[in-house]
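Visitor: I'd like a close look at one part of this protein, with the cut-offs spelled out as we go. Could you show me the model and then walk me through a helix and its surroundings?

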Amino acid sequence: APASSGGKAVVSTQSTGAYTMAKYGMSMCVLGMAEEFRRNKIGVNAIWPATAIATAAVEMLGGDAMIKGSRTPEIMADAAYAILSRDPATCTGNFFIDEEVVKAEGITDLDQYHHSPGTPLFPDFFIGDEYPAPEAIEGGEAPASS
C-alpha cells in the first residue's frame, strides 16, 4: 500500500492527475529499487508529509495563509535522518509519514515544526482523508484543502 496508518491504505486521488501520477511513479520506483538493491543492503524508502510543508511551492499555491498552516521542512529532515540511521538491510521498501517517524524517535513536541503555532495545519494533499488530522488541531478541523 502506498501510505499507511495502522495497516490501512490512505491514498487520495483528488489531487491533480499529474501530481497523482508523480506520486505513483515515485512509489513504484521505491518498491522496484528496494527489491533491486536489497541484496546489496541498500535501503530505499519514501517519506510523505502528514501536513503541508512550508516551501516556495506551497506559498505559490496557497499564499501566506497556507504557509502559516504548514510545518517547516525540518520535520522532513529529522524524519529522513532517523530513517537513514536505520539498518538498510531491514529498513527498505517503506512509505513513511514524517510525523510518525519523529514520534517513533521520541519527539513528542510537534509544535517545534509548526510554521505558525496555533494556526490549524493543512493536511497533505495526497495521503487522504482517512489519515488522522494532525494533533496540532485541537477542538477544530483543518482548513479544507481543495
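Visitor: Before we zoom in, what percentage of the contacts in the protein with a separation of 6 or more do residues 24 or more positions apart account for? And then, which residues of helix H3 are buried?

Guide: Happy to help. This is a predicted model, in which local features need pLDDT of at least 70 and side-chain atom pairs count only at pLDDT 80 or more, while totals for chains, interfaces and linings use all residues. Residues are numbered from 1 along each chain as its sequence is written, and side-chain values use heavy atoms, with hydrogens and water left out.

To your opening point: 65% of the contacts (heavy atoms within 4.5 Å) with a separation of 6 or more are between residues 24 or more positions apart. The protein has four helices and four strands, taken as DSSP runs numbered from the N terminus, with at least four residues of H or I for a helix and at least two of E for a strand. Their order from the N terminus is β-β-α-β-α-α-β-α. Of the 146 residues, 36% are buried, meaning under 20% relative accessible area with a 1.4 Å probe and protein chains only; exposed means over 50%, and partly exposed lies in between.

Now to helix H3, which spans residues 74-84 and has Ile-75, Ala-79, Ala-82 and Ile-83 as its buried residues. Viewed down the axis of H3, these fall within an arc of 95°, so they line one face of the helix; the arc is that of the directions from the helix axis to the C-beta atoms. Tyr-81 and Leu-84, on the other side of H3, are exposed. The cover over the buried residues of H3 includes strand E3 (46-48), strand E4 (95-97) and helix H4 (98-104).

Step back into the loop between helix H2 (56-68) and H3, and you find Ser-70. Ser-70 counts as buried because its relative accessibility is 0%. A polar atom of the Ser-70 side chain lies 2.6 Å from the backbone oxygen of Met-66. Leaving aside residues up to four places away in sequence, Ser-70 touches Ala-52, Ile-53, Ala-54, Val-58, Tyr-113, His-114, His-115 and Leu-121.

For contrast, look at helix H1 (residues 17-38), where Tyr-24 is found. Tyr-24 counts as exposed because its relative accessibility is 53%.

Notes
A polar contact is a pair of N or O atoms within 3.5 Å; within protein, one must be able to donate a hydrogen and the other to accept it, and residues adjacent in sequence count only if both atoms are side-chain atoms.
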